[in-house]
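These are my notebook entries on a single chain. I record below what I looked up, entry by entry.

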Amino acid sequence: MKTLYSIIVVLFLFLGYSLSVYAQTHHWGFKRSAGGEQPDAGAVYNDLLEKHGAYYKGSPDEKIVYFTFDNGFENGYTEKILDVLKEEKVPATFFLTGHYLESAAPLVKRMADEGHIIGNHSWGHPDFSTLSEAQMKEEWAKVKKKTEELTGQKEMKYVRPPEGVFNELSLKVANDEGYTHVFWSLAFVDWYHEKPQGADYAYNEIMKQLHPGAVILLHTVSSDNAGALQRVIHDMKKQGYSFETLDHLTKNPS
């Protein structure tokens, strides 16, 4: 009897520990790239992302970059960004929220019409580490449904958690729903739309972190990014970089 009791106690302790690890909150981050070298998120994040088929950078052997934009709300600069991408023939992924889908439908349709990927950034931009499985699924399902209504796009493959906050449960549930998490390997503070620092600031922040396989996160609320984007693309091309979609990334991992 004592042996059975001991086994039960151990099982409960193990399950409790496993659940606590699964629910542990993570804030995506890494040491920034320098000198053209890829950043490294560290063993814990690398192992966690590999376990759940998530990505944050591409191959270190190919001078390829992946542009991604997070769109929480429209601030008047996405049209210019789309104009530049079209002129330069550069594909991108736009991670959209419910607010953006409801308030900027013509731009969403244009993204799809011009061949860009639309990703899932959640409906209400919540902290996913605080949500139940059902709540996570609802957040993503509402974005997917509204995107289909606006664009006819039935498939949605990529998801990005608001503010890079996640836990292992959200990675697992996303997989169960057919999603792949895509984080990023190049970013800077560009979301304070009321405090622009100029196109040169954005250009310098991007170019000093540039590296092969970069998944670049930019926010479309920034006039800095809209002003710097074409110059950034031109100078990347001069350095021998090319541009691909997240579909290429997931087929050619690091």
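Entry 1, strand pairing. I looked up Thr-93 and found that its bridge partner in strand E4 is Ile-117. The model is a predicted one. Strand E3 (residues 92–96) and E4 run parallel and are joined by 4 bridges. I then asked whether the residues on the two faces of E4 (residues 117–120) are buried or exposed. Ile-117 and Gly-119 lie on one side, Ile-118 and Asn-120 on the other, and all are buried. This arrangement follows a general pattern: in a regular strand, side chains alternate between the two faces of the sheet.

Entry 2, His-116. I turned next to His-116, which is placed in the loop between H5 and E4. Its relative accessible area is 6%, so I note His-116 as buried, the cut-off being under 20%. I listed its contacts, leaving out residues up to four places away in sequence: Leu-82, Leu-85, Val-90, Pro-91, Ala-92, Phe-94 and Met-111. As a distance check, I noted that 30 Å separates the C-alpha atoms of His-116 and Asp-47, which are 69 residues apart along the chain.

Entry 3, nonpolar cores. Which residues touch the most other members of the largest nonpolar core? I found Val-65, Phe-67, Phe-69, Leu-85 and Met-236, within a core of 50 residues. Helix H9 (residues 223–238) gives the most to this core, with 6 residues. I followed Leu-85 further: beyond its neighbours within four places in sequence, Leu-85 is in contact with Phe-69, Val-90, Ala-92, Phe-94, His-116, Leu-229 and Ile-233. Another core, of 23 residues, lies apart from the largest one; its members include Trp-28, Ile-64, Leu-171 and Leu-246.

Entry 4, salt bridges. I recorded 14 salt bridges in the structure. In general, side chains of opposite charge can pair when their charged atoms come close.

I looked up Asp-70 and Arg-160, whose closest N and O atoms are 2.9 Å apart in a salt bridge. The pair links distant parts of the chain, 90 residues apart: Asp-70 is in strand E2 (residues 64–71), and Arg-160 is in the loop between strand E5 (158–159) and strand E6 (165–166). I noted both Asp-70 and Arg-160 as buried.

I then looked up Asp-83 and Arg-110, which form a salt bridge at 2.7 Å, N to O. Because Asp-83 lies in helix H3 (residues 78–88) and Arg-110 in helix H5 (residues 105–113), the pair ties together parts 27 residues apart in sequence. Asp-83 is partly exposed at 37% relative accessibility, whereas Arg-110 is buried at 17%. I also noted that Asp-83 and Arg-110 belong to a network of salt bridges with Lys-86 and Glu-114.

My last pair was Lys-208 and Glu-205, a salt bridge of 3.1 Å, N to O. Because Lys-208 and Glu-205 are 3 residues apart in helix H8 (residues 199–209), about one helical turn separates them. Glu-205 is buried, with a relative accessible area of 11%.

Entry 5, surface patch. Which residues form a nonpolar patch on the surface? I found Val-189, Trp-191 and Tyr-192, which together have about 290 Å² of accessible area. I placed Trp-191 in the loop between strand E7 (180–181) and H8. Its relative accessible area is 39%, so I note Trp-191 as partly exposed.

Methods. Residues numbered from 1 in each chain as written. Predicted model: local features only at pLDDT ≥ 70, side-chain atom pairs only at ≥ 80, totals over all residues. Heavy atoms only, no water. Salt bridge = Lys/Arg side-chain N within 4 Å of Asp/Glu carboxyl O. Buried < 20%, exposed > 50% of the residue type's maximum accessible area, 1.4 Å probe, protein only. Patch = residues over 30% accessible without salt bridge, like charges linked within 9 Å, V, L, I, M, F, W, Y side chains within 5 Å. Areas by Shrake-Rupley, 256 points an atom, 1.4 Å probe, with all protein chains shown as cover. Pairing = 2+ DSSP bridges. Core = buried A, V, L, I, M, F, W, Y, C linked by side-chain atoms within 4.5 Å. Contact = heavy atoms within 4.5 Å.
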